[in-house]
Amino acid sequence: MRAIGIILAGGNSSRMEELSAKRAVAAMPVAGCYRAIDFALSNMSNSHIQRVAVFTQYNSRSLNEHLNSSKWWDFGRKQGGLYIFTPTITTTNSYWYKGTADALYQNINFLKDAHEPYVVIASGDGIYKLDYNKVLEDHIAKGADITIVTKDLAPHEDDISRFGVVKLGDNNRVEDFEEKPIVAETSTVSIGVYVIRRRQLIELLEACAAEGRTDFVKDILVRYKSIKKINAYRLDSYWRNVGSVDSYYRTNMDFLKQDIRDYFFRQQPGVYTKVEDLPPAKYNGEAVASNSLIASGCIINGTVENSVLFKKVYVGNNCVIKNSIILNDVHIGDNCYLENCIIESRDTIRANTVHTGEASKPKIIVEKSFRYTI
């Protein structure tokens, strides 16, 4: 493909509450064995973008560990490669990334050293499948300066005010762009995917840096909306952003629906992730599991209904788990009852414990106990 890829994965979200206390949002586990960033990486690979850079910053250890080999997404160094860029202290700069435009500017040599004429920029917290080639073709055909991928959301689907809201005119021309408005005038939002000519991006970033501007959306998209030809490419398939507790919970619950599972797991192209050498899930004695995703390495002794269990979860005897998300390496003691909960990874839930939340407001459980002292 005639483009390089950039994935912005350094952000944090206060809407994630305790869930982002030890990981970036892009590293949030999704659908049993994936991370949120896997979907953007897989889209890059399936679109034959061979040179991809990931910009990390906040709590990046688990994300960096996940990205320690490019082979899982087939980014071979001979063809291009997967590059991880973190904020770096130099003789002229000692700041962390002050915004998305600043992150791009601090790594502008990656853009200058490339030969591909276009750049595809994507956020690392979106759950979707998209062929970026189609976006690029639309971008070229319409002679756009910048193309934004948009999605029409139903009012009940998500909190529209936490996204960039786009107003479109004839031929999908962007007439107005408002970032995170208090009251949204339209239900068309940007999903955080952009296509732009590489040389033009370099010029815009240098102009922003010269004026002390640091945000890609506010200081480029919003500021130049009347000067540059900014077009929209409408996405009509599944998309969700996992940047809030409610959205994260609902995204994982969506994967319990057969049509969603078939779309992501059985329809080509696929979604790829780092694979761990774990045994298959084991079901002992009175174990019962219904309409659930249970990942490798789990041991189930109780009842699991309408839930997502990530890798290496142990469920004790006589436990009941309903409508819950259990992250990696959680030990649940005997006789526990969990409903509408999200259990943080590497936690221990003591025996005879009851935790219940609401479907509209799941309960986040972060236990401080130590597994081997109980």
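**Close-up 1. Glu211 and Arg213 in a salt-bridge network.** In this predicted model, Glu211 is partly exposed, with a relative accessible area of 47%. Its side chain meets that of Arg213 in a salt bridge, 2.9 Å from N to O. Arg213 is likewise counted as partly exposed, at 31% relative accessibility. Look a little further and you will find Glu211, Arg213, Asp219 and Arg223 linked in a network of salt bridges.

**Close-up 2. A salt bridge between Asp176 and Lys225.** Here the closest N and O atoms of Asp176 and Lys225 are 2.6 Å apart. The pair links distant parts of the chain, with Asp176 in strand E10 (residues 174-179) and Lys225, 49 residues apart from it, in the loop between helix H7 (216-222) and strand E12 (230-234). Asp176 is partly exposed at 29%, and Lys225 is partly exposed at 22% relative accessibility.

**Close-up 3. Asp246 and Arg250 within helix H8.** Both residues lie in helix H8 (residues 245-254), four residues apart, or about one turn of the helix. They form a salt bridge whose closest N and O atoms are 3.3 Å apart. The whole structure holds 14 salt bridges.

**Close-up 4. Tyr34 and Phe265 as an aromatic pair.** The count of aromatic pairs comes to 15. In one of them, Tyr34 and Phe265 are stacked, at 5.6 Å centre to centre with 15 degrees between the planes. Tyr34 belongs to strand E3 (residues 34-35) and Phe265 to helix H9 (residues 258-266), 231 residues apart. Tyr34 is buried, at 11%, whereas Phe265 is partly exposed, at 33%. Both belong to one aromatic cluster, whose members include Phe39 and Tyr263.

**Close-up 5. Lys129 over the ring of Tyr263.** Lys129 lies over the face of Tyr263, 4.8 Å from the ring centre.

Conventions. Residues are numbered from 1 along each chain as its sequence is written. This is a predicted model: local features need pLDDT of at least 70, side-chain atom pairs count only at pLDDT 80 or more; totals for chains, interfaces and linings use all residues. Side-chain values use heavy atoms; hydrogens and water are left out. Rings of Phe, Tyr and Trp (its six-membered ring) pair if their centres lie within 6.5 Å; planes under 30 degrees apart count as stacked, over 60 as edge-to-face and the rest as tilted. Helices (H or I, at least four residues) and strands (E, at least two) are DSSP runs, numbered from the N terminus. Buried means under 20% relative accessible area, exposed over 50%, partly exposed in between (1.4 Å probe, protein chains only). A charge sits over a ring if NZ of Lys or CZ of Arg is within 6 Å of the ring centre and within 35 degrees of the ring normal. A salt bridge is a side-chain nitrogen of Lys or Arg within 4 Å of a carboxyl oxygen of Asp or Glu.
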